[in-house]
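I opened the notebook to look up one strand and its neighbours. I start with the whole chain and then narrow down.

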Amino acid sequence: MFKNYFKTAWRNLLKNKLQSFINIAGLSAGMAVSILIGLWIHNELSFDKYHNNYKSIAQVMQSVVLNDETITQVKVPIPLGEKLKATYGDNFKRVVMSSRAAEHILAVGENKAVKSGRYMQEEAPELFTLKILQGSGDGLKDPASIMISRSTAMALFGQSDPVNKIVTFDNDTTLKVTGVYEDLPENTTLHDLSFIVPWELEPRLKDNRQNWGNNGWEIFVQMEDNVDISAASARIRDAKMQSAGSDDQKFNPVIFLHPMHKWHLYSEFKNGINTGGAIQYVRLFAVIGMVVLLLACINFMNLSTARSEKRAREVGIRKAIGSLKKQLVYQFFLESLLVAFIAFIFSVILIIILLPFFNQITDEKISILWADPYFWSVCMGFTLMVGVMAGSYPAFYLSSFQPVKVLKGVIKTGPLAVLPRKVLVVLQFSASIVLIIGTLVVYNQIQFTRNRPVGYNNEGLINIKTLTPDIYQHFDAFRNDLINSGVVEAAAQSSTPVTESNNKQSNFDWPGKDKSGTQNFATVGVSQDYGKTIGWQFIDGRDYRTGPDGADAMAFVVNESAAKMMGFKDPLGSRVHWIGYEFQIIGVVKDMVMQSPFDPVEPTIFYLAPWKINFLNIKIKPGVSAAVALPAIEAIFKQYNPGQPFNYTFADEAYARKFDMEERVAKLTAFFSVLAIFISCLGIFGMASFMAEQRIKEIGVRKVLGASAFNLWRLLSKDFVILVAIALVIAMPVGYYFMHNWLQHYNYRTNLSWWIFAVAGIGALVITLITVSFQSVKAALANPVKALRTE
């Protein structure tokens, strides 16, 4: 019996080639999208699962009140780690202090590399279950040791054994390699951990062992067995408040544990509350995947039921000669399952073709899990589900025909018979239009933020992080050589790149300050000519004078937001106290976008730094190409700092990278929107083809009676235009609701302009007309004699 079902199903596929092509193409596209999204979601949900202690690892974080807002951060003070061990040690199996990830120079002879790594306590390899390939996992117990990743070992030592070999660290410290560990995968938080240096070598450790006010480090913990992370988090809540001084207590610090399984997907905090993070995109694209697949299934349902008249006699004859309804249901389900499995084969081929493009958009390294039986079993179950879902309505609809009526030619073809198909078409286009609206809103938000004034000139501005003190000690000579080279207009130093602002301070005082709350400022140490180099835009006052360092040593330049927060009517000449000294405000500059372009600009204070600052800002002369300027700059850089590789970043490129996540979302949404529209158009094309075929005699009669081609085109297109118009009425408020909510995630955001909905609506109508017109025009231009000669 099964063999007979299969033969019948196969013959029907071959007999109705256009319908079969549309069904298979649509389902292939829908299944490919769903599987691609499934692979991406699997990658996101498996983030950090590389670590064996995944479920018991957490990071210690703190929330503090700044500028009347609760801010959450991973940075904590050093003495907190010792207190957790001493006071709350029964909750933790391991407590590991760590520096923030930072770049350092690693050298073996003349072979040098700049790598990102951390200072960490000796239990770090065991806490993170690093896979030791050579040497020992206990290597950090040696205070003059270093553990390196496999890729770092290859870069420094090639194929030779690195264990017990010497590495020069930042050109001044010799360390012995005691272990080599496997590189951490890309889908781990610590994927860029190229080396680990013993915690005792952290240069700032000595001055900050008892400093509760300097929040510059991180703490990772592993829970004791059977200790609940939430319960332990509640116990350590006041760990800092109990020990910190009054200056720190005014920020109401709250300590808590953030579990590893939330590091990637739930990384965002707003006003002290974990509001989500990447999980919103996991949910978004999971919904999009299901919607696109549903559109493909709707095509199958529509085309199968639309051709019910052609299959009605088959059903009537089968029932007349003894077929049971359940046997007909099996037959139709087998047909849909056959289409689904053929579509799955083509979807895999489509995934192989699209995967490189998909990885480029998502910035991931996703691959098909060829050797994973679980993946293939899920795919088989998924294909079975698609076949059943797509075939359920046609199977029960077609098998319900009564043999007496269909053999007499009495088939239900009135308005109610086509109503379900019209509803499904409206649903298809509603979903497609919502996706179009979403794509336009995301792109509009990105463009709106890109056009935001950044407050400085980033054209031709490059940034270099100096890892040794060589240039700082001879900066004036270095700058003069750069300018004399003819390719550089200006150069200056700063404590952070122009696209970042990492240091926050609150210990400022001034006359009339509101003492009821806490005012927090970003602080940036700079050298003279910083304003000239980056192109400060002054609202009032002046830049730092060039010349002897003492000229403006006790002067501040502040941005608009800082001047507003201080509440000065005339900030110029105002006195501000900081770290025991009195400073005078000499200039107010326009707000510079140094952090996220989607957030308000932070109040920022610039000062002449009397200590070593690590970033070079170099302005290339207008009219000089980077290809000419960079070799000249590199030669001078090497002359003053021969121990560091010449690594640079263009400020405009660094700023552009702040849009990476939004641009990925925009590209993915556009990609899936195109596929959704393609699938919907396939369905419309099939329906138009069927309608033209069904009404061929009517068209012939109308042509004989004088109807023009335009009148016939309008007749055949009208029904579809009405359906799309109804879809627009449904989709626009739905699209507005979802995209309005999405925009609330951004402080700096665009409005939902009317033209977005107009473009989406007109685009949907034009696409529909183009799709329908092929069949409509073909039918309108056909010879009516051929259609009527059988009458």
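How much area does the chain expose, and what share of it do carbon and sulfur atoms supply? I note that the model is predicted. I read an exposed area of about 36100 Å² for the chain. Carbon and sulfur atoms supply 58% of that area.

Next I checked burial. The chain has 791 residues, and 52% of them are buried. I then looked at contacts between residues at least 6 apart in sequence. Of these, 79% join residues at least 24 apart. For secondary structure I find 25 helices and 26 strands.

Now I turn to strand β22. It covers residues 575-578. Which of its side chains are buried? V576 and W578 are, and they point to one face. R575 and H577 point to the other face and are not buried. I recall the general rule: in a regular strand, side chains alternate between the two faces of the sheet.

Then I looked up the pairing partners. Strand β18, residues 508-509, pairs with β22 in the antiparallel sense over two bridges. Strand β23, residues 581-589, also runs antiparallel to β22, and four bridges join them.

I followed H577 across to both partners. What stands opposite H577 on the β18 side? I find D509 there. In β23, the bridge partner of H577 is E582.

Last, I checked the turn. β22 and β23 form a hairpin with two residues between the strands. In this hairpin I579 takes a positive phi, near 45 degrees.

Technical notes
Residues are numbered from 1 along each chain as its sequence is written. This is a predicted model: local features need pLDDT of at least 70, side-chain atom pairs count only at pLDDT 80 or more; totals for chains, interfaces and linings use all residues. Side-chain values use heavy atoms; hydrogens and water are left out. Buried means under 20% relative accessible area, exposed over 50%, partly exposed in between (1.4 Å probe, protein chains only). Two strands pair if DSSP finds at least two bridges between them. Contact means heavy atoms within 4.5 Å. Accessible areas come from the Shrake-Rupley method with a 1.4 Å probe; for residues, only the protein chains shown count as cover.
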